[in-house]
Amino acid sequence: MLAIALVIVATAGAAGAVGSEGDLARITKSGDELAKAGGAKFRGTTTADGGGDNSRVTFDGSFDFKNRTGEYSVDAAAIGLQGSGKVRTLVVGGILYLSLDALEGGDPSSSPNLAGKKWLKLDPQMFGGGGEIGQSDPNGSLDALRGAKGDVKRVGSEKVRGTRTTRYRVAIDAEQAVNSAPEEQRDEVRNSVGALGSGTIPADVWVDGKGRLRKVRLRVAASASKTKGSVAFEYFDLGASVNVEAPPASEVVDFEELLGGSPTTTGAPG
């Protein structure tokens, strides 16, 4: 994940102070306040603990909050797939569509099942919430914030891409995040939050003066398919126009149908 220089400036609340219930409400609502912008660009980062620069993966894209759709480019290896170079990825309804041209074996001539196909469909539920592939969906960072609970530590005032924000440290209750989501989204939220690997998730949250989320960093617990680390999303260019739709069915091959099983994910990105 590309390091971001954060400028610490004076703030009315002392760094390290425990915030009020108002701060907790601000955090839980910050994703919804951001969503009012309609769309935005984002930078996502996954980092594995103790792995140095090679464990840091950055992916840039744009997101439509209203329709919960987005697109980004990421190295194939970063999400546990065989291939080289950047893979264009679409996010629609919690489903990922990956461009086949950067995936190993993605050449249509390599398999008759790929003839005329341009996209590989991956449902993160195949992983049971595990692996880096579930962490790369921006929906997860927004959904998780509804589960903020307990004491809030106000770290201080910092600038994120020139915008002054207040940085908070808080714990996320995964089940509360699921239960606080609209009923029709709960299965999707359960999957995205589950990719973080634990019931209680430590988080750092940066909220601007209008109560909008600008950056969030969530800790990832270790498991059989994940290395302990973190995933972060930084949102900017609020109001950006984003138009993402699922590819035509005729151009899509479903991974489960193609290989008859779940892809093998790596323990550490990169």
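What share of the 270 residues of the protein counts as buried? The figure is 52%. Keep in mind that this is a predicted model.

**Whole chain.** Start with a cartoon view. The protein has 6 helices and 14 strands. Now switch on contacts. Of those with a separation of 6 or more, 66% join residues 24 or more positions apart.

**Colour by pLDDT.** The mean for the protein is 79. A value of 70 or more is reached by 74% of the residues. Select strand β10, residues 163-173: its mean pLDDT of 96 is the highest among the elements. Then select strand β1, residues 7-9, where the mean is the lowest, 26.

Widen that selection to residues 1-15. Here pLDDT stays under 50 throughout. The model still gives this stretch 37 contacts beyond four places in sequence. Jump to the stretch at residues 261-270. Its pLDDT is also below 50, and it has 38 contacts beyond near neighbours in sequence. Where pLDDT is low, the predicted coordinates should not be read in detail.

**The largest nonpolar core.** Show side chains for I27, V170, I172, V205, L213, L218 and Y235. These touch the most other members of the largest nonpolar core, which has 49 residues. Centre on I27. Leaving out residues up to four places away in sequence, I27 touches L145, A148, V152, Y168, V170 and V205. Two of these contacts, V170 and V205, are also on the list of core residues you just selected.

Now pick L90, W119, V244 and V252. They are among the 8 residues of another core, which lies apart from the largest one.

**The second largest pocket.** Select D32, A35, F65, R68 and R146. Of the 14 lining residues, these lie nearest the centre of the second largest pocket. The pocket volume is about 180 Å³. Which elements give two or more residues to its lining? They are α1 (21-35) and α3 (139-144). Helix α1 provides the largest share, 4 residues. Colour the lining by class: 5 residues are nonpolar, 4 polar and 5 charged.

**Helix α5.** Finish at residues 186-194, which form helix α5. Which of its residues are buried? Select E188, V189, N191, S192 and V193. Next, show what lies over them. The cover includes α3, α4 (174-179) and β11 (200-208). Helix α3 is thus on screen again: it also lends residues to the lining of the second largest pocket.

Terms used. Residues are numbered from 1 along each chain as its sequence is written. This is a predicted model: local features need pLDDT of at least 70, side-chain atom pairs count only at pLDDT 80 or more; totals for chains, interfaces and linings use all residues. Side-chain values use heavy atoms; hydrogens and water are left out. pLDDT is the predictor's confidence in each residue, from 0 to 100. Contact means heavy atoms within 4.5 Å. A nonpolar core is a set of buried Ala, Val, Leu, Ile, Met, Phe, Trp, Tyr and Cys residues joined through side-chain atoms within 4.5 Å. Buried means under 20% relative accessible area, exposed over 50%, partly exposed in between (1.4 Å probe, protein chains only). On a 1 Å grid over the protein atoms alone, a cavity is a set of points where a 1.4 Å probe fits but cannot get out, and a pocket is an open set with protein on both sides within 12 Å along at least five of seven lines; lining residues have an atom within 4 Å of a point. Grid points are joined across faces, edges and corners, and a volume is the space filled by probe spheres set on the points. Ala, Val, Leu, Ile, Met, Phe, Trp, Tyr, Cys and Pro count as nonpolar, Asp, Glu, Lys and Arg as charged, and the others, Gly among them, as polar.
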